[in-house]
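Please open the model in your viewer, with the sequence panel beside it, and keep a selection tool at hand. The tour below moves from one selection to the next and says what is to be found at each stop.

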Amino acid sequence: MRLLIAAIAACLAWGMPIGAAADDARSGVKSIKGWEAVGRLNISNKNMCTGALVAPDLVLTAAHCLFDPRTGARVDPATIWFEAGLSGRQAVALRQVVKAVMHPQYRYRPAGTHQVGSDLAVLKLDRPISPSRIKPLTMSNGAERGDVLGVLSYTRRHATRQRLKDSCSVLARQSRTVVMSCLVEFGASGSPVLEMRPGLPPRLVSVISAKAAMGNRRVSIGTALDASLRDLLRRAG
């Protein structure tokens, strides 16, 4: 299946309104078990992405979030803050990032044509978040064609509250790349893609990397989780 990757990945590349007024939350977000594990990444008080807590002191996101979209320079991890469960002006937990580990095969490319398939990074927090406050998301590498998905993210239009894109699905999977019908907005880079099965808690199966087009159809591209993630977690921890 031939894919036309969009020229701009779904990373927010504008001055982030850190003090923005609270916006309306889309109904259904708080019905997702473990929604508090998803947080906004405040990057150098200028840009933002979304990340998900996968261990008490580890956050999974997209690797291209670690680069300044204007200059292409690597961001100092110490300038990144994880605002877990941010809702309006209040986060369930706030932690500073002290270390960032990217997928070894990832290479940042200018002009937004980010490399997909290895667009993963793990961030280590300055101190753990107690599981009694926020339980990390469970991960799985089982995303396959036809699976029903949901995406929890912070976006340019909704920078202070999570947005839920649900009832989308996997259209195709090519090695470590997952093509999905989920429509994402700027700021959604690094957002967790959740496998949604009736009666079961959601499982994190992919990370949003880019917008794309498949013919005339708008789609999103995610990086699938595979055995390489285990090494990233080890190196970050």
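A residue counts as buried when its relative accessible area is under 20%, as exposed when that value is over 50%, and as partly exposed in between. At 29% relative accessibility, Asp-231 therefore counts as partly exposed, whereas Arg-234, at 58%, counts as exposed. Please bear in mind throughout that this is a predicted model.

**First stop: helix H1**

Select helix H1, residues 228-236, and display the side chains of Asp-231 and Arg-234, which form a salt bridge whose closest N and O atoms are 2.5 Å apart. Both residues belong to H1 and sit three residues apart, about one turn of the helix. An α-helix has 3.6 residues a turn, so residues three or four places apart point the same way.

Now turn the view until you look along the helix axis. Which residues of H1 are buried? They include Leu-229, Leu-232 and Ala-236, and because the buried residues of H1 fall within an arc of 55 degrees when seen down the axis, they line one face of the helix. On the face turned away from that buried side you will find the exposed residues Arg-230 and Arg-234. If you then add strands S4, S6 and S7 to the selection, you will see part of what covers the buried residues of H1.

**Second stop: the barrel**

Select strands S2 to S7 and show them as a cartoon. These six strands close into a barrel in the order S2-S3-S4-S7-S6-S5, with antiparallel pairing, and neighbouring strands of this sheet are turned by 40 degrees against each other on average, direction ignored. H1 packs on the sheet, where it touches S3, S4, S6 and S7, and the direction of the helix makes about 115 degrees with that of S6.

To follow one pairing in detail, keep S2 (38-43) and S5 (80-84) in view; five bridges join these two antiparallel strands, and Gly-39 stands opposite Ala-84 in S5.

**Third stop: charged pairs around the barrel**

A search of the whole structure finds ten salt bridges, and two of them can be visited from here. Select Arg-40 and Glu-83, which form a salt bridge with their closest N and O atoms 2.7 Å apart. Since Arg-40 lies in strand S2 and Glu-83 in strand S5, the pair ties together parts that are 43 residues apart in sequence. Arg-40 is buried, with a relative accessible area of 2%, and Glu-83 is buried as well, at 12%.

Next select Asp-68 and Lys-46, a salt bridge in which the closest N and O atoms are 3.2 Å apart. Asp-68 lies in the loop between S4 and S5 and Lys-46 in the loop between S2 and S3, so this pair joins parts that are 22 residues apart in sequence. Asp-68 is buried, with a relative accessible area of 10%, while Lys-46 is partly exposed at 36%.

**Fourth stop: the nonpolar core**

Hide the charged side chains and display Leu-53, Leu-60, Leu-66, Phe-82, Ile-129, Leu-152 and Leu-204, which touch the most other members of the largest nonpolar core, a set of 51 residues. Strands S2 to S7, strand S12 and helix H1 each supply at least two residues of this core, and its largest share, six residues, comes from S3. A second, separate core of 14 residues includes Ala-143, Cys-168, Cys-182 and Ala-224.

Centre the view on Leu-152: leaving aside neighbours within four places in sequence, its contacts include Val-29, Ile-32, Trp-35, Val-38, Thr-50, Leu-164 and Leu-194.

**Last stop: strands S11, S12 and S13**

Select strand S12, residues 203-214, which is mostly covered, nine of its twelve residues being buried. Four bridges join S12 to strand S11 (residues 192-195), and the two run antiparallel; here Val-193 stands opposite Ser-206 in S12. Eight bridges join S12 to strand S13 (residues 217-224), again an antiparallel pair, in which the bridge partner of Ala-212 is Val-219. S12 and S13 form a hairpin with two residues between them, and Gly-215 in the turn has a positive phi of about 70 degrees.

Definitions and conventions: Residues are numbered from 1 along each chain as its sequence is written. This is a predicted model: local features need pLDDT of at least 70, side-chain atom pairs count only at pLDDT 80 or more; totals for chains, interfaces and linings use all residues. Side-chain values use heavy atoms; hydrogens and water are left out. Buried means under 20% relative accessible area, exposed over 50%, partly exposed in between (1.4 Å probe, protein chains only). Two strands pair if DSSP finds at least two bridges between them. A nonpolar core is a set of buried Ala, Val, Leu, Ile, Met, Phe, Trp, Tyr and Cys residues joined through side-chain atoms within 4.5 Å. Contact means heavy atoms within 4.5 Å. The arc is that of the directions from the helix axis to the C-beta atoms. A salt bridge is a side-chain nitrogen of Lys or Arg within 4 Å of a carboxyl oxygen of Asp or Glu. Axes are lines fitted to C-alpha atoms, for helices over the stretch in contact, and angles run from 0 to 180 degrees between N-to-C directions.
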